[in-house]
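Me: I've got this model open and would like a close look at one part of it. Could you walk me through that part and then show me what surrounds it in the rest of the chain?

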Amino acid sequence: MTRYDGDGAEVEETDDWYEPEGVPVGGAAPDGTDPEGTDGGAGAERTFAALPPARGRGFAQTWWGRAWLTALEGTALDTQQLKAGRRLARAGAVGAVSVRPGRITAVVQDRDRTAHRADVLLQELSDEQWDRFLDMAVERAGHVAALLDREMPPHLVEDAELAGVELLPGLGDLEPECDCGAWDHCGHTAALCYQVARLLDHDPFVLLLVRGRGERALLDALQSHGGPSSTSGKRPRLEGVDAAEAFAAGGIRPALPGVPPLPAEPGVPPSLDTDEPPTAGVDPSALEFLAARTAVQAHRLLAEALREGHERHPPAPEPTVARDAVRLAAGEPPRAVTARLADGSGRGREGLAVAVRAWRQGGAAALTVLDEEWTVDAEALARAGAALASAWAESDEAERPVLRARANRWTLDGGRIQLRLGRDGRWWPYRKERGRWVPAGDAAQDPATALATADSEARTEPEADTAAGRPSGT
Ligand SMILES: [Zn+2]
């Protein structure tokens, strides 16, 4: 017998490598999925997850599994390739195995981890042959019962042969195709054949699928041939693809397509302006606006995602409704939509207008400075104090502004101008309009610059300018 020692060396090998022990997968199907499976109709495909290393066990315990291997071993010209195939299969080098009519596919990894796509082809049965097989199976109900117990009685195969149907491959019937370029069986296709022998042991329907019919299609056809109602009752079948099989197929499918390029502009949603009156409760213009803003947001997110180093930045947290309403309101919605956003966000009309000004000034960071008051920790406070001191280091005592500090806000004497320290260490200028603090310009690293910005805005803009109604662009 052969053991695989785990680091690539085969320890010993004799001819007797069929060990009469099951593959180490408990009582479950080798793919760990429900053997009742999801093979749908003709053209169905099943995928079996990669099997763990076999560690000295043989590949086929059943007579039909061995017959499958005989078809391989009896014709292979190069026994070294068979040996290499056994070694690879035992080492767990065969990836998920896809089985479909006429073809079995897997990616097989060499010892140096080079991956090869290996295929083994087997002739499908013709429709006429299937008809004869079904007629035979209807007469011999015991054969079908055995199949459903995952057994393949020798009589079944003999009866099929009498009907002119070869189920098991004969010598030379397993045709290899491998991207390593070999013209006969190579280690990869041989490894795949050995792996499939393990699968066949557990489920002879795998053989029937390669011959052209999945289990379900076969049982349905049996019924229409007047056979036993074998699909009723105890074996419910599920629609769709088993998640474990789909996942296992990941190694076989082609790679995902590349990332799309950034379109020059966000997409424009279709117009919802039709002759039909809208359903009650649906506001088409609001919906159009929402779709347009969503396209803009998607465009922005894609641009961000394509930026160099994007993967190093954690994703921004989901905005709250009150914050996301500001993003929407900054997109100049119809008046009715603005009113709904003002109500829905809890900010009210004026509050929303101020928030939109902050948003236009500096997006989410600026909105945080508007909405949140936070305690400055000792270190940040010391830094802020130093920045304030150095900003006016050259000034005369009389010119230095007198600032009253509370939390992260420093208010200039007189109460019309305020500096807010952002969490990013920048200073945000604010001024008072109609009793409400509003953002007054771009943030600055230097508090004196921010103060000058707030001061000039306070001088140039009349008080009653934009605090109410539609926000200006600032
Ligand atoms: Zn190959």
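Which residues in α11 and α12 meet each other?

Reply: Keep in mind as you look that this is a predicted model. On the α11 side, the residues to click on are Val321, Ala322, Ala325, Leu328 and Ala329, and on the α12 side they meet Thr338, Leu341, Gly344 and Ser345. Sorted by character, that contact between α11 and α12 has six nonpolar residues, three polar ones and no charged ones.

Now the geometry. In general, a pair of packed helices is described by the angle between the axes and the distance between the axes. Here, α11 covers residues 321–329 and α12 covers residues 335–345, and they pack at an angle of about 165 degrees with their axes 9 Å apart. Angles over 145 degrees count as roughly antiparallel, and α11 and α12 are therefore roughly antiparallel to each other. As for handedness, α11 passes α12 in a left-handed crossing.

There's another helix pair to put beside this one: α1 (residues 63–73) and α6 (residues 187–202). They pack at an angle of about 165 degrees, with axes 8 Å apart. That makes α1 roughly antiparallel to α6. The crossing of α1 past α6 is right-handed. From α1, the contact uses Trp64, Gly65, Trp68, Leu69 and Leu72, while α6 brings Ala190, Cys193, Val196, Ala197, Leu200 and Asp201. The residues of this contact split into nine nonpolar, one polar and one charged.

Zooming out for a moment, the protein chain has 15 helices and ten strands. Of its 474 residues, 33% count as buried. Among contacts in the chain with a separation of 6 or more, 65% are between residues 24 or more positions apart.

On to the strands. In general, the strands of a sheet pair through backbone hydrogen bonds, either parallel or antiparallel. In this model there is an open sheet of five strands in the order β1-β2-β3-β4-β5, with antiparallel pairing. β1 (46–48) and β5 (175–178) are at the edges with a single partner strand each, so one side of each has no neighbour in the sheet. From one strand to the next, the twist averages 20 degrees.

Let's go through that sheet pair by pair, starting at β2. Strand β2 (residues 94–100) pairs with β3 in the antiparallel sense over five bridges. One spot to look at is arginine 100, whose bridge partner in β3 is arginine 103. The hairpin of β2 and β3 has two residues between the strands, and glycine 102 there takes a positive phi near 85 degrees.

β3 itself (residues 103–109) is mostly covered, with five of its seven residues buried. Seven bridges join β3 to β4, and the two run antiparallel. Isoleucine 104 has valine 120 in β4 as its bridge partner. In the hairpin of β3 and β4, five residues lie between the strands, and arginine 113 has a positive phi near 75 degrees.

That brings us to the far end of the strand order. β4 (residues 115–121) pairs with β5 over four bridges, in the antiparallel sense. Here alanine 118 has cysteine 178 in β5 as its bridge partner.

Further along the chain, look at β6 (residues 403–406) and β7 (residues 409–412), which pair in the antiparallel sense over four bridges. Arginine 406 has arginine 409 in β7 as its bridge partner. β6 and β7 form a hairpin with two residues between them, and alanine 407 in the turn has a positive phi of about 50 degrees. β7 also pairs with β8 (residues 417–421), antiparallel over three bridges. In that pairing, threonine 411 stands opposite glutamine 418 in β8. β7 and β8 form a hairpin too, with four residues between them, and glycine 414 in the turn has a positive phi of about 105 degrees.

One last stop is glutamate 161, which you'll find in α5 (residues 154–162). Glutamate 161 counts as partly exposed because it has 13 C-beta neighbours inside 10 Å. Its C-alpha atom is separated by 9.1 Å from that of phenylalanine 133, although the two residues are 28 apart along the chain.

Definitions and conventions: Residues are numbered from 1 along each chain as its sequence is written. This is a predicted model: local features need pLDDT of at least 70, side-chain atom pairs count only at pLDDT 80 or more; totals for chains, interfaces and linings use all residues. A residue is buried if 20 or more other C-beta atoms lie within 10 Å of its own, exposed if 12 or fewer, and partly exposed in between; C-beta atoms are placed from the backbone. Two residues are in contact if their C-beta atoms, placed from the backbone, lie within 7 Å. Axes are lines fitted to C-alpha atoms, for helices over the stretch in contact, and angles run from 0 to 180 degrees between N-to-C directions. Angles under 35 degrees count as roughly parallel, over 145 as roughly antiparallel, 65 to 115 as roughly perpendicular and the rest as oblique. A crossing is left-handed if the near helix is turned anticlockwise from the far one by less than a right angle, and right-handed if clockwise. Ala, Val, Leu, Ile, Met, Phe, Trp, Tyr, Cys and Pro count as nonpolar, Asp, Glu, Lys and Arg as charged, and the others, Gly among them, as polar. Two strands pair if DSSP finds at least two bridges between them.
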